[in-house]
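The following account leads through the architecture of a single chain, from its overall layout to individual residues. Please keep the sequence and the coordinates at hand while reading.

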Amino acid sequence: MKFLVPIGIFLFLSPGAPAQQITDVTQQVVGNKIILKYTILDAKDEQAFDVAVYSSQDNFGKALHSVSGNGIGENVSAGGDRTVIWDVLRDVPNLVGDYNFEVRALVAPKTFSKDPTASRTVVISNKEEAYPEMATTITNYINEAKDLKDAFQFSAQQALESRQALRSLAEAVDQYNLAYEKLNKERFTYEKYVDSYWKKDILTLEFKNLMDYAIGDLHTVNILTLSQKIRVMNDLYQGNIKGARKINDTKKELTKDITLEVIQLDKRLQELERRSNRVLYSLGQD
């Protein structure tokens, strides 16, 4: 199925906080999914947001249901690279024509992480201290992404028939998420390190491009889309998908989609590793 989605209308609603705004809104159609990205500016450190997305398909009456990403739901943090992935055809059998969207965000109480590593306690004051931390975080992220790719490549088929295999798959996603959250949390700090301690515009630009590729291209386009398959598998086990034919068709579609997405993810991982090796080598030699 084909559908056309032009640039939409985006609104930011935050009662009592008119200075806050959503900016840098972009959208991309990837297969049967629409990926929306935006930035929340001028928020206070203690603020989080309850975000929902609405579409003109029903005159903005109901929030989109089949959505995921770090830019949707409760406790969304401010900053850049907030991402919403809408699995279109799970909500709308046929989406053809021009559609607009609204991103609605309300200030919500922020839930702080209980992870003891969530707050920075070590002060980095030079590139000799900064380099090993950055290299470790980036390398760990790539390794966890590889493990996630391998888990889907070798265990996804079994996960359709075995709850234990599905739990193992979910654990791989959880481990990846920890590495991703660490990298995403520290990326701007690391970019400042490179800019301040190496003082070379070309290195600063290359490092920023590396972060954009890891967190933007690879995570947003590939891994978030792949991780969504676990929800469909859970729907199968919970009986939310009924009828032998429907169940069989869903399993076939999952297998096909996962196979294609693993191939795409593998290519991006190879490119990410190539870029990472080049950038870290340049930083290490300078």
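Two residues are in contact when heavy atoms of each lie within 4.5 Å. By that criterion, residues 24 or more positions apart account for 74% of the contacts in this chain with a separation of 6 or more. The model is a predicted one. Its chain comprises 286 residues, of which 44% are buried.

The secondary structure consists of 6 helices and 7 strands. Read from the N terminus, the elements follow the order β-β-β-β-β-β-α-β-α-α-α-α-α. The description below begins with the sheet and then turns to the helices.

An open sheet is built from 4 strands in the order 1-2-6-4, with antiparallel pairing. Strand 1 (21-30) and strand 4 (67-68) occupy its edges; each has a single partner strand, so one side of each is left without a neighbour in the sheet. As a general matter, strands of a sheet pair through backbone hydrogen bonds, in either a parallel or an antiparallel arrangement.

How many bridges pair strand 1 with strand 2? There are 8, in the antiparallel sense. The register can be followed residue by residue: Val-30 stands opposite Lys-33, Val-29 has Ile-34 as its bridge partner, and Gln-27 is matched with Leu-36. The two strands form a hairpin with 2 residues between them, and Gly-31 in that turn has a positive phi of about 60°.

On to the next pairing in the sheet. Strand 2 is joined to strand 6 (residues 79-87) by 7 bridges, and these strands also run antiparallel. Here Leu-36 stands opposite Val-84 of strand 6. Leu-36 thus appears in both registers, facing Gln-27 in strand 1 and Val-84 in strand 6. Strand 2 is mostly covered, with 8 of its 9 residues buried.

The nonpolar interior comes next. In soluble globular proteins, nonpolar side chains tend to be buried together. The largest nonpolar core in this model has 51 residues, and those with the most contacts inside it are Met-134, Tyr-141, Phe-152, Phe-207, Met-233 and Leu-283. Helix 2 (127-159), helix 3 (163-198), helix 4 (201-227), helix 5 (229-237) and helix 6 (244-285) each supply at least two residues of this core. The largest share, 13 residues, comes from helix 3. Apart from this core lies another, of 20 residues, which includes Leu-36, Phe-49, Val-92 and Val-103.

Tyr-141 gives a local view of the 51-residue core. Not counting residues up to four places away in sequence, Tyr-141 touches Tyr-176, Ala-179, Tyr-180, Leu-183, Ala-214, Leu-218, His-219, Ile-223 and Leu-272.

The geometry of individual helices can now be considered. The 33 residues of helix 2 should span 48 Å at 1.5 Å a residue, and its end C-alpha atoms are 45 Å apart, which agrees. Helix 2 nevertheless bends by about 40° at Gln-153. Its N-terminal end is capped by Asn-126, a side-chain oxygen of which lies 3.1 Å from the backbone nitrogen of Glu-128.

Helix 6 has 42 residues and reaches 60 Å from its first C-alpha to its last, close to the 62 Å expected. Its buried residues include Thr-250, Leu-254, Ile-258, Glu-261, Val-262, Leu-265, Leu-269 and Leu-272. Further along, Ser-276, Val-279, Leu-280 and Leu-283 are buried too. An α-helix has 3.6 residues a turn, so residues three or four places apart point the same way. The buried residues of helix 6 pack against strand 2 (33-41), helix 2, helix 3, helix 4 and helix 5.

Two further residues merit attention. Asn-184 is found in helix 3. Is Asn-184 buried or exposed? Its relative accessibility is 12%, and Asn-184 therefore counts as buried, the limit being under 20%. Leaving aside neighbours within four places in sequence, Asn-184 is in contact with Asn-70, Arg-82 and Ile-215.

Lys-200 lies in the loop between helix 3 and helix 4. With a relative accessible area of 38%, Lys-200 is partly exposed. Lys-200 and Asp-286 are 86 residues apart in sequence, yet their C-alpha atoms are 9.8 Å apart in space.

Note on methods
Residues numbered from 1 in each chain as written. Predicted model: local features only at pLDDT ≥ 70, side-chain atom pairs only at ≥ 80, totals over all residues. Heavy atoms only, no water. Core = buried A, V, L, I, M, F, W, Y, C linked by side-chain atoms within 4.5 Å. Buried < 20%, exposed > 50% of the residue type's maximum accessible area, 1.4 Å probe, protein only. Expected span 1.5 Å × (residues − 1). Bend = angle between axes of the 7 residues up to and from the residue. Polar contact = N/O pair within 3.5 Å; in protein donor to acceptor, adjacent residues only side chain to side chain. Pairing = 2+ DSSP bridges.
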